[in-house]
Amino acid sequence: MADTYDLIIIGAGPGGYNCAIRAAQLGLSVACVESRDTLGGTCLNVGCIPSKALLRASELYDDAQNRMAKMGVKVDKVSLDLPAMMGHKDDAVDQLTKGIAYLFKKNKVTHIVGHGRITAPGTVAVVSPKGETQTLQTKNIVIATGSDPMTLPGVEIDEQRVVSSTGALSLTSVPKHLLVIGAGYIGLEMGSVWRRLGAQVTVVEFLDRITPGMDGDVAKQFQRVLKKQGFTFKLGTKVTAIDKLKSKLKVTMEPAQGGAAETLDCDVALVAIGRKPHTDNLGLPGVGIETDKHGFIPTENFKTSADNIYAIGDVTHGPMLAHKAEEEAMAVAELIAGRAGQVNYNVIPGVVYTHPEVASVGRTEDELKQAGVDYKIGKFPFTANARAKINGDTDGFVKIIADAQTDRVLGVHMIGPHVGELIAEAAIAMEFGASSEDIARTCHAHPTLSEAVRQAAMGVSGRIMQM
Ligand code: FAD
Ligand code: NAI
């Protein structure tokens, strides 16, 4: 007899594992099928966690070399132990993936290792790493199979010299010259890691700006700061070929709109031009699910076009972020358990974990202009924030956008120290429908970076105090 569950989840990333744990807490019998040996998906294995471990470690190296002496802390002979740094990253991944395994046990989620395929409504066939197939029956299926790096036509990723983010997380030596293709989240975070460790970094971006979709003022300041850190940018440019020569890579590029080609030599090229949904060999056509032209599974309130089959996380629409997948995971578990579940897509923060950090939540000025919404802005620079000054970390600002009529906060965009933490205040304010005046009237501790958020809120009504 085939095993029978209330819910089978395919994929154990932030979408899959959170869904499994929440559904089990709500009393459902749950199995989670994952083809990797370890749990946690892209995020824990080759994404958020290892990249942030390297960002933190490389920042310490950079601080010791370039910043600490200014505060009177002299360190002689700072040196890099790359294998130890990679070891720190691998330990973090190991501990956190094991943490999910512990939570599965604690919540009685059945973990099945293997490739899952939907063979009929309510049936999932799992092929184990040894090639054995088991067939499972279930009332509901959640697809949480995530995404893979996009590739450039004619450019083969070998994860040694031409790498995706996965290879960039495990280089065995610091490249002399790293070419980054794509000035988005991955390009700028991984570019920062290797720049701090000593690589020359050139970023080639198709568009005429970095971090498309983010606030324009923030992006301009971000690019200025990264240039100061030694990044070189080639905007409005596309890579057309990478020749793998014995001692180097020869990269051919040309203006995005066409024109004369040029070449550039480097040791490692990182292709970071976005990610695409992962639906390979999942059996979707057999149950009547069609992906859209970009490969995403279309959903309405997490439901696919097939009864009792749902999709969440990177494999469906919306920002490809771990916390977006987690929100959807909890909501869909609640729905399947017969409760209410929803996600507020207007309040999904985004953070780039460079130094300074970049963080935003809600709508940008461009979006509001396009939608014909009248708005007011308050802006406050970290140069005028006491804590930022004390810390010697004053690059950046907080920008709050509020509705011109109601004063409701519509978007908050920041670049600066620890803004990845400060953005939570903005997200909570927006979730509660706060006005800029609500934030401005809330007492913030002194001296903290969060005072910059309050001052920006005061700025919406023209009453900044500390400038
Ligand atoms: P995934 O995490 O991709 O998990 C899907 C899982 O499904 C995978 O483990 C895969 O092996 C498994 N799977 C696929 N098909 C099958 C199948 N048929 N059978 C069994 N198993 C299957 N987001 C943030 O919010 N913050 C960050 O700081 C951040 N940093 C990132 C850094 C990098 C370098 C990268 C690449 C991504 C980063 N992201 C970050 C994005 C984040 O990792 C993803 O948005 C998130 O992992 C998506 O979760 P998911 O559950 O939808 O899919
Ligand atoms: P991205 O979408 O953030 O950036 C891709 C960049 O590549 C864009 O600027 C785009 O214009 C550019 N581009 C596209 N085609 C190009 C081409 N042919 N030549 C040159 N440039 C080109 O994608 P990225 O950086 O690959 O990351 C994928 C996703 O992973 C992100 O969108 C984000 O959702 C997630 N992520 C999140 C992180 C975080 O939350 N801190 C960190 C890393 C990844």
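## Exercises on the interface of domain 1 and domain 2

In this predicted model, the centres of domain 1 and domain 2, taken over C-alpha atoms, lie 27 Å apart. Residues are numbered from 1 along each chain as its sequence is written. Local features need pLDDT of at least 70, and side-chain atom pairs count only at pLDDT 80 or more, whereas totals for interfaces use all residues.

**Exercise 1.** Find the bounds of domain 1 and domain 2, and state how many residues each brings to the contact.

*Solution.* Begin with the domain assignment (automatic or from a database), which gives 3-148 + 276-336 for domain 1 and 162-273 for domain 2. Next, take contact as heavy atoms within 4.5 Å; 18 residues of domain 1 and 15 residues of domain 2 then take part.

**Exercise 2.** State the area buried between the two domains, and name the three residues of domain 1 that supply the most of its share.

*Solution.* The buried area, which is the accessible area (1.4 Å probe) lost on putting the two parts together, summed over both, is about 1300 Å², and carbon and sulfur atoms give 70% of it. On the side of domain 1, V46, L55 and L82 supply 34% of the area buried against domain 2, more than any other three residues.

**Exercise 3.** Identify the partner of K52 in a salt bridge, and count the salt bridges across the interface.

*Solution.* Look for a side-chain nitrogen of Lys or Arg within 4 Å of a carboxyl oxygen of Asp or Glu. K52 meets this rule with E189, their closest N and O atoms being 2.7 Å apart, and across the interface of domain 1 and domain 2 the rule finds one salt bridge.

Terms used:
Chains are lettered from A and ligands numbered from 1 in the order in which they are written. Side-chain values use heavy atoms; hydrogens and water are left out.
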